[in-house]
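Me: I am new to this structure and would be grateful for a close look at a single part of it. Please take the packing of one pair of helices, and add what helps to place it in context.

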Amino acid sequence: MKIGFIGLGNMASAMIGGILGAGLCVPEDIIGSSKTQHTANKISEKFGISAGTDNIETAKRADVIVLAVKPIFFSEVIEQIKDIVDESKLVISIAAGKSIAQIEQAFGKKLRIVRCMPNTPAMVGEGTTCICLQEDTDKADEELVLEMMNSFGKASILPERLMDAFIGVAGSAPAYVFIFIEAMADAAVQAGMPRKQAYELAAQTVLGSAKLALETGMHPGALKDMVCSPGGTTIEAVKVLEEKGFRAAVMDAVEACVEKSKNM
């Protein structure tokens, strides 16, 4: 089985690294194409795969085609390869804002299409990926895509109607977390801590807290209560967050993200 990546940016690189790292295939089974030869050469050297700038050649040779181009180039790329692609090939799209129906319409024919949305922590093997399937998706295709997406994090199958909600809570959410880390570090710097150490401590705290929530399965509220000793420092900080509308701000941000995604 040949996997062809059209688009070799950061997300494609993360996916290729995960797939190879998990031993799902060998470098000889992956091919790719990018807009520039410089990018193709960089990815080829990094992973040992065959890469160039010819999207048509990638589509011809691949059994599984991963469309990893930015939405602005989506129509242009599909126009190039649509005569090459038929139901013998599985098409995986990671383009934001492009539904399965829109992709199929762009190709102008019935195809095997899976829509995926990984987030940027995929770059360090900790991605969260949403997978949307067609109603008649073959079980083998479903298992293959799950295996691929789980190779660089954790994947979940969701109905396409929930893709906008996924973008709000996971796809765009790393940005919210980075702002939170930056804000905590800024406060530590204000209190006299060196900036580098402040960033490291804030980031590690977020990492450890997330791992604790995932591995214990406890409700986040219960975990919060474990830290809040009576009359202590933590409950004082929580009180300020509540006064400043922390929860409401996060909920409003996610809601705004979901609505923007719906209207793209």
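Reply: What follows describes one helix pair, then one loop residue and two cysteines.

The model is a predicted one. The pair consists of helix α8, residues 173-190, and helix α9, residues 195-216, whose axes come within 8 Å and cross at roughly 135°. An angle over 145 degrees would count as roughly antiparallel, and 65 to 115 as roughly perpendicular; α8 is therefore oblique to α9. The crossing of these two helices is right-handed.

On the side of α8, the residues that meet α9 are Val177, Phe180, Ile181, Glu182, Met184, Ala185, Asp186, Ala188 and Val189. Their counterparts in α9 are Arg195, Ala198, Tyr199, Ala202, Ala203 and Val206. Sorted by class, this contact has 12 nonpolar residues and three charged ones, with no polar residue.

Elsewhere in the chain, Gln134 lies in the loop between β7 (127-133) and α6 (139-150). Gln134 has 13% relative accessibility and counts as buried. Beyond its neighbours within four places in sequence, Gln134 is in contact with Ile100, Glu104, Lys110, Leu111, Arg112 and Ile113.

As to the cysteines, the structure holds zero disulfides. The sulfur of Cys116 has its closest cysteine sulfur in Cys132, and the 7.8 Å separating them is too far for a bond. For Cys257, the closest cysteine sulfur belongs to Cys130, at 13 Å, which is likewise too far for a bond. Cys116 is buried, at 1% relative accessibility, and Cys257 is buried with a relative accessible area of 15%.

Methods. Residues are numbered from 1 along each chain as its sequence is written. This is a predicted model: local features need pLDDT of at least 70, side-chain atom pairs count only at pLDDT 80 or more; totals for chains, interfaces and linings use all residues. Side-chain values use heavy atoms; hydrogens and water are left out. A disulfide is a pair of cysteine sulfur atoms within 2.5 Å. Buried means under 20% relative accessible area, exposed over 50%, partly exposed in between (1.4 Å probe, protein chains only). Helices (H or I, at least four residues) and strands (E, at least two) are DSSP runs, numbered from the N terminus. Contact means heavy atoms within 4.5 Å. Axes are lines fitted to C-alpha atoms, for helices over the stretch in contact, and angles run from 0 to 180 degrees between N-to-C directions. Angles under 35 degrees count as roughly parallel, over 145 as roughly antiparallel, 65 to 115 as roughly perpendicular and the rest as oblique. A crossing is left-handed if the near helix is turned anticlockwise from the far one by less than a right angle, and right-handed if clockwise. Ala, Val, Leu, Ile, Met, Phe, Trp, Tyr, Cys and Pro count as nonpolar, Asp, Glu, Lys and Arg as charged, and the others, Gly among them, as polar.
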